[in-house]
Structures are given as C-alpha cells and as structure tokens.
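User: I'd like to learn how to read a few features in a model like this. Can you walk me through them?

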Amino acid sequence: MGVTKTDHFTDEQNRIAIIAKALGHPARVAIIEYLLKVNTCICGDIVNELPLAQATVSQHLKELKNAGLIKGNIEGSAICYCIDETTFGILKDYFSKIILTVSNQKCC
C-alpha cells in the first residue's frame, strides 16, 4: 500500500493538525466557548445557543469529539458533552513551546 502524505510528519504534527482543523470553524469555536462558560456537561442546551439546525450542531459536535476536544457521555437518550482537558493540555504545551521560542528569538 502507498504512503499517505500524513506519514511524512510526526505523530505530534498530525495530532496538532487534526485539532486545528476541528477548531477551524466558527461554530465549533462557539461550542467550545459555550462549554467553557457553563463549566459542566450539557446535553441539549447547545442547540439553543447557536443559530444552527440541530443536525448541523450534531455534526460539529461529532467533529470536536473525533478530534478529542470534547467528551460525550450517554445519559439516558441524550449525550452530554464537556471539554476534554487532555487535548487542551496538548495544545497548551504546543503553544507554550512556540511562545517561548518566539520570545527568545532575535529576528526581524
């Protein structure tokens, strides 16, 4: 079988790219911000907070969950979502390294 383009990059580079892609839509950013604001697992409230159809919100939630940015637990007939701290820790470490490197550069 052939090599895919992602095979040419490290696991960390691929992981950050997946996370960045998931955050690349304003509705998903709004969902993350809402989950941070309520600071708890929520089930159906997200649809009421966004100017989007329920099916569209569900698709955005699926993308965020697949990227590991949120967790979903089944409670009865609903899925309750909350922030996945582990993935945000990965982002924090990644951007901290970048900020430290940029701060120490003596360029332009």
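Analyst: Sure, we'll take the aromatic rings, then the surface, then the core. Keep in mind that this is a predicted model.

User: How many aromatic pairs does the structure hold?

Analyst: A pair of aromatic rings is described by the distance of the centres and the angle of the planes. Here there is 1 such pair. Tyr 94 and Phe 95 have ring centres 5.3 Å apart and planes at 75 degrees, so they sit edge-to-face.

User: What is the relative accessibility of Tyr 94, and what is it for Phe 95?

Analyst: Partly exposed covers the range between buried, under 20%, and exposed, over 50%. Tyr 94 comes out at 28%, so it counts as partly exposed. Phe 95 has 43%, so it is partly exposed too.

User: Which residues form a nonpolar patch with Phe 95 on the surface?

Analyst: Its partners are Ile 98, Ile 99 and Val 102, and together the patch has about 360 Å² of accessible area. Phe 95 itself belongs to helix α5, residues 85-104.

User: And the inside? Which residues of the largest nonpolar core touch the most other members?

Analyst: That core has 19 residues, and the ones touching the most other members are Ile 31, Leu 35, Ile 46, Leu 61, Leu 69 and Ile 70. At least two residues come from each of α1 (11-22), α2 (26-38), α4 (54-66) and β2 (78-83). The most come from α2, which gives 4 residues.

User: What is Ile 46 in contact with, leaving aside its neighbours within four places in sequence?

Analyst: On that basis, Ile 46 contacts Ile 31, Tyr 34, Leu 35, Val 57, Leu 61 and Tyr 81.

Conventions: Residues are numbered from 1 along each chain as its sequence is written. This is a predicted model: local features need pLDDT of at least 70, side-chain atom pairs count only at pLDDT 80 or more; totals for chains, interfaces and linings use all residues. Side-chain values use heavy atoms; hydrogens and water are left out. Patches are made of residues with over 30% relative accessible area and no salt bridge: like charges are joined within 9 Å, nonpolar side chains (Val, Leu, Ile, Met, Phe, Trp, Tyr) within 5 Å. Accessible areas come from the Shrake-Rupley method with a 1.4 Å probe; for residues, only the protein chains shown count as cover. A salt bridge is a side-chain nitrogen of Lys or Arg within 4 Å of a carboxyl oxygen of Asp or Glu. Buried means under 20% relative accessible area, exposed over 50%, partly exposed in between (1.4 Å probe, protein chains only). A nonpolar core is a set of buried Ala, Val, Leu, Ile, Met, Phe, Trp, Tyr and Cys residues joined through side-chain atoms within 4.5 Å. Contact means heavy atoms within 4.5 Å. Rings of Phe, Tyr and Trp (its six-membered ring) pair if their centres lie within 6.5 Å; planes under 30 degrees apart count as stacked, over 60 as edge-to-face and the rest as tilted.
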